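Biologist: Could you take me closely through one part of this model, the way two of its helices pack against each other, and then go on from there to the sheets and the loops that join their strands? I would like a connected account.

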Amino acid sequence: MRQLIEQAWENRELLKEKKYKEAVEETVAELDGGRLRVAAPQGNGEWQVNEWVKKAVLLYFPLCGMETLEAGPMEYHDKIPLKHEYEAKGVRVVPPAVARYGCYLAPGSILMPSYVNIGAYVDSGTMVDTWATVGSCAQIGKHVHLSGGVGIGGVLEPVQAAPVIVEDNCFIGSRCIIVEGAHIGTEAVIGAGTVITASTKIIDVTGSEPKTYIGHVPPRSVVIPGSYTKHFPAGDYQVPCAMIIGQRKESTDKKTSLNEALRLF
C-alpha cells in the first residue's frame with residue numbers, strides 16, 4: 001500500500017485507477033480499525049511519524065463525494081462518513097458526540113459530547129470530555145482524561161510534521177490548548193487553561209535554576225499557565241508560557257483514580 005500511496009501522491013491522476021484508489025481506501029480502513037497509526041511509539045519516549053499514512057488521508061478526501069448523513073433528527077453534509085457500531089467496538093458515546101470514519105477509538109474509551117477527527121488515535125480507558133476536540137492524526141494514550149473544552153490540535157500538512165501526542169495516564173485540565181505537534185509525557189498533569197504549542201516555553205521552576213523545554217512536557221510533570229518578561233523595542237512585556245511547578249503526587253493519583261471509577265460506574 002505504501003508504494004501505491006507514494007506514487008499517487010506524486011501523480012494524482014493515478015487515483016483514477018482502481019488499485020490506487022483501493023490502496024487509499026484500505027489505508028484509511030486500517031486507521032479506522034487501529035491496525036495502522038499516523039505515529040507510533042518506538043520506546044524511550046520516541047515516536048515514528050508515518051508520513052505516507054498522512055498522505056493517504058489527504059488523498060482520501062478527493063475520493064469522497066459530498067453526501068447527506070442523518071443521525072436521528074440531526075443532519076450533516078460532508079465528504080467523510082461517521083463511525084458506526086460503537087457497541088461492537090466497546091465504546092461509550094454520549095449524544096451528540098461525533099467521531100469521523102478513519103479515527104480509532106479503542107475499547108473502553110468514552111466520548112462525552114465531543115469531536116474526534118480522521119486519523120486520530122484514542123486508546124483504551126480514555127475519556128474525551130464535553131466539548132473537547134481531538135484533531136486529525138492526534139495520538140492520545142491509555143487512561144487519559146481530556147477535560148471539558150480541551151482543544152487537541154490536528155495536523156495533516158506538512159506531511160512530515162509530527163502530530164500532537166498525549167501519552168498514557170495524563171490529565172489535561174479544562175480549556176487547555178495543545179497544538180502544533182506538542183508532546184505531553186506519560187502521567188503529566190496539565191492545569192486548566194494552559195496553552196502549549198510547538199514554540200511554547202515550558203519552564204521548570206522547581207530547582208534552584210529554571211530549566212526550559214520547548215513543545216515537550218516531561219513525564220509526571222505538573223504544569224500551570226505562567227508568564228515571563230520579554231524585552232521588545234517598545235518596552236518590557238509579559239509573554240505567556242507554561243510552568244512546571246512540581247511532580248505528580250499521590251493526591252493527584254487519587255483524583256484521577258476517582259475519575260476512573262466514575263467512568264466504570
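Modeller: This is a predicted model, and the helix pair is a good place to begin. Helices H1 and H2 pack with their axes 9 Å apart and at an angle of about 115 degrees. Angles of 65 to 115 degrees count as roughly perpendicular, and H1 and H2 are therefore placed in that class. The crossing in which H1 passes H2 is left-handed. On the H1 side, the residues that take part are Leu-4, Ile-5, Gln-7 and Ala-8, and they meet Lys-19, Tyr-20, Ala-23, Val-24 and Thr-27 of H2.

The burial pattern of H1 can be read alongside this contact. Within H1, which spans residues 2-10, the buried residues are Ile-5, Ala-8 and Trp-9. These three lie on the same side of H1, because they cover an arc of only 105 degrees around the axis. An α-helix has 3.6 residues a turn, so residues three or four places apart point the same way. The other side of H1 carries Gln-3 and Glu-10, which are exposed. The cover over the buried residues of H1 includes H2, residues 18-32, and also helix H3, residues 51-63. Ile-5 and Ala-8 thus appear twice in this picture, as buried residues of H1 and among those that meet H2.

From the helices I turn to the strands. One open sheet is built from 6 strands in the order E6-E9-E12-E15-E18-E21, with parallel pairing. Its edges are strand E6 (98-99) and strand E21 (195-196), and each has a single partner strand, so one side of each is left without a neighbour in the sheet. Inside that order, strand E15 (residues 151-152) and strand E18 (residues 177-178) run parallel and are joined by 2 bridges, and Ile-152 stands opposite Ile-178 of E18.

The other open sheet has 10 strands, in the order E5-E8-E11-E14-E17-E20-E25-E26-E22-E23, and its pairing is mixed. Here strand E5 (92-93) and strand E23 (211-214) stand at the edges, each with a single partner strand, so that one side of each lacks a neighbour in the sheet. The mixed character can be followed at strand E22 (residues 201-204), which runs parallel to strand E26 (residues 235-247) and is joined to it by 3 bridges, whereas E22 and E23 run antiparallel and are joined by 4 bridges. Asp-204 has Ile-244 as its bridge partner in E26, while Lys-201 has Ile-214 as its bridge partner in E23. The connection from E22 to E23 is a hairpin through 6 residues.

Several loops between these strands deserve attention, and one of them holds a buried residue. Thr-194 sits in the loop between strand E20 (189-190) and E21, and its relative accessibility is 0%, so Thr-194 counts as buried. Apart from neighbours within four places in sequence, Thr-194 is in contact with Cys-176, Ile-177, Val-223, Ile-224, Pro-225 and Ala-242. Of these contacts, Ile-177 belongs to E18 and Ala-242 to E26.

Other loops are notable for their backbone geometry. Most residues other than glycine have a negative phi, and most peptide bonds are trans. Against that background, the peptide bond from Pro-95 to Pro-96 is cis, with omega near 0 degrees, and Pro-96 lies in the loop between E5 and E6. A cis peptide bond also runs from Glu-157 to Pro-158, with omega near -5 degrees, and Pro-158 lies in the loop between E15 and strand E16 (165-166).

Positive phi values are found at Trp-131 and Arg-175, neither of them a glycine. For Trp-131 the value is near 60 degrees, and this residue is placed in the loop between strand E11 (127-128) and strand E12 (133-134). Its relative accessibility of 55% is the reason why Trp-131 counts as exposed. For Arg-175 phi is about 65 degrees, and the residue is found in the loop between strand E17 (171-172) and E18. Arg-175 is likewise exposed, with a relative accessible area of 57%. The cut-off behind both assignments is a relative accessible area over 50%. Thr-194, by contrast, is a loop residue that counts as buried.

Technical notes: Residues numbered from 1 in each chain as written. Predicted model: local features only at pLDDT ≥ 70, side-chain atom pairs only at ≥ 80, totals over all residues. Heavy atoms only, no water. Buried < 20%, exposed > 50% of the residue type's maximum accessible area, 1.4 Å probe, protein only. Arc of directions from axis to C-beta. Contact = heavy atoms within 4.5 Å. Pairing = 2+ DSSP bridges. Axes fitted to C-alpha atoms, helices over the stretch in contact; angles between N-to-C directions. Parallel < 35°, antiparallel > 145°, perpendicular 65-115°, else oblique. Left-handed = near helix turned anticlockwise from the far one by under 90°.
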